[in-house]
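Notebook open, coffee poured. Time to look a few things up in this one and jot down what turns up.

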Amino acid sequence: MSIHTPDIKRVTTHIIQEMKARGEKISCLTAYDFSMAGIVDAAGVELILVGDSASNVMAGHETTLPITIDQMIYHATSVVRAVKRALVVVDLPFGSYQGNSREALNSAIRIMKESGAHAVKLEGGLEIKDSITRILSAGVPVMGHLGLTPQSIYKFGTYTVRAKQEAEAQKLIEDAKMLEDVGCFSVVLEKIPSSLTKQVSETVTIPTIGIGAGPHADGQILVLHDLLGINKAFKPRFLRRYADLNGVMTDAISNYIKDVKGKSFPNHQESY
Ligand code: KIV
């Protein structure tokens with residue numbers, strides 16, 4: 001229980017794991033700022049990811065590669081300030097953990113210390129096992145991420161479905177088992193066939209969180225701005241839009257412009 005919010009029971013990594021054990025699906029969303037994170041948390045998701053998709057969604061980059069650890073900490077700090085209940089997980093950005101486990105540990109510690117987040121997420125399997133184990137040994141909870149790993153986009157060259165071939169599917173299953181064995185509390189499965197998600201979810205006891213991975217994952221995650229329909233151009237098959245905020249916002253702003261130009265805003269009541 002938090003000292004600051006005594007009435008609200010915080011979601012922990014254990015609660016997330018118990019949800020899988022009792023068959024309750026886990027709802028997760030991304031957030032990158034204070035205002036949105038407050039709404040997402042109050043609506044009741046169990047897990048908020050400060051994803052490096054902030055690189056695309058907030059900064060307008062084409063890939064997730066350019067975002068820095070300082071920028072991730074800025075986003076994470078803003079989110080943590082707003083969140084009273086959800087578990088807050090932060091992506092370690094590209095270049096902050098691959099190839100050097102000491103640097104990985106330093107990156108994770110900076111994120112935890114400076115933002116107040118509750119866990120970190122890293123992309124990859126066996127190749128980054130050392131980094132994951134070193135972070136875990138410092139008591140920092142780790143979420144894995146397999147399948148489509150956007151930080152490796154230049155290795156694959158495309159954002160299409162991963163692990164359709166047997167060899168890649170087998171490697172993904174082995175990686176998921178490794179993540180469970182070393183002590184990760186859950187794993188994101190991105191853009192893989194539904195049947196493979198089912199197999200992984202039945203093989204490991206840690207919760208699988210799917211995005212474009214079909215209905216058999218133990219939980220689902222979407223990028224908040226995609227769910228809200230803010231970016232009209234992005235429409236992959238896996239995305240269900242729950243609102244047309246692009247339309248709502250454009251109408252509101254157009255009406256404001258009309259009122260300013262027509263001199264009906266501000267009116268008498270809106271003036272001092
Ligand atoms: O950065 C992100 O938003 C993610 C999700 C797509 C899982 O990693």
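Before the names start: the helices and strands I use are DSSP runs, at least four residues for a helix and at least two for a strand, numbered from the N terminus. Also noting up front that this is a predicted model.

**Tail end of the chain.** I went to helix H11 (245–261) and looked at what follows, and Pro266 is in the segment after that helix. The peptide bond from Phe265 to Pro266 came up as cis, with omega near -5°. I flagged that because most peptide bonds are trans. Lys263 is also in the segment after H11, and its phi is near 65°, a positive value in a residue that isn't glycine.

**Another positive phi.** Lys191 isn't a glycine either, yet I read a positive phi of about 50° for it. I placed Lys191 in the loop between strand E6 (186–190) and helix H9 (194–203). Worth a line in the book, because most residues other than glycine have a negative phi.

**Domains.** I checked how the chain is split: the domain assignment gives domain 1 as 13–241 and domain 2 as 245–272. Taken over C-alpha atoms, the centres of domain 1 and domain 2 are 39 Å apart.

**Ligand.** Which residues are around the ligand? I listed Thr30, Leu49, Gly51, Asp52, Ser53, Asp91, Lys121, His145, Val188, Ile211, Ile221 and Val223. Then I went through some polar distances to ligand oxygen atoms. For Ser53, a side-chain N or O atom is 2.5 Å from an oxygen of the ligand. For Lys121, a polar side-chain atom sits 2.9 Å from a ligand oxygen. Asp52 has a polar side-chain atom at 3.0 Å from an oxygen atom of the ligand.

**A helix pair.** How do H4 and H5 pack? I got an angle of about 35° between H4 (residues 69–82) and H5 (residues 101–115), with the axes 9 Å apart. I noted the crossing of H4 and H5 as right-handed. On the H4 side, the contact uses Ile69, Asp70, Ile73, Ala76, Thr77 and Val80. H5 brings Ser107, Arg110, Ile111, Glu114 and Ser115 to the contact. Sorted by class, I have five nonpolar, three polar and three charged residues in the contact of H4 with H5.

How values were computed. Residues are numbered from 1 along each chain as its sequence is written. This is a predicted model: local features need pLDDT of at least 70, side-chain atom pairs count only at pLDDT 80 or more; totals for chains, interfaces and linings use all residues. Side-chain values use heavy atoms; hydrogens and water are left out. Domain bounds come from an automatic or database domain assignment. Axes are lines fitted to C-alpha atoms, for helices over the stretch in contact, and angles run from 0 to 180 degrees between N-to-C directions. A crossing is left-handed if the near helix is turned anticlockwise from the far one by less than a right angle, and right-handed if clockwise. Contact means heavy atoms within 4.5 Å. Ala, Val, Leu, Ile, Met, Phe, Trp, Tyr, Cys and Pro count as nonpolar, Asp, Glu, Lys and Arg as charged, and the others, Gly among them, as polar. A residue is near a molecule or strand if one of its heavy atoms lies within 4 Å of it. A polar contact is a pair of N or O atoms within 3.5 Å; within protein, one must be able to donate a hydrogen and the other to accept it, and residues adjacent in sequence count only if both atoms are side-chain atoms.
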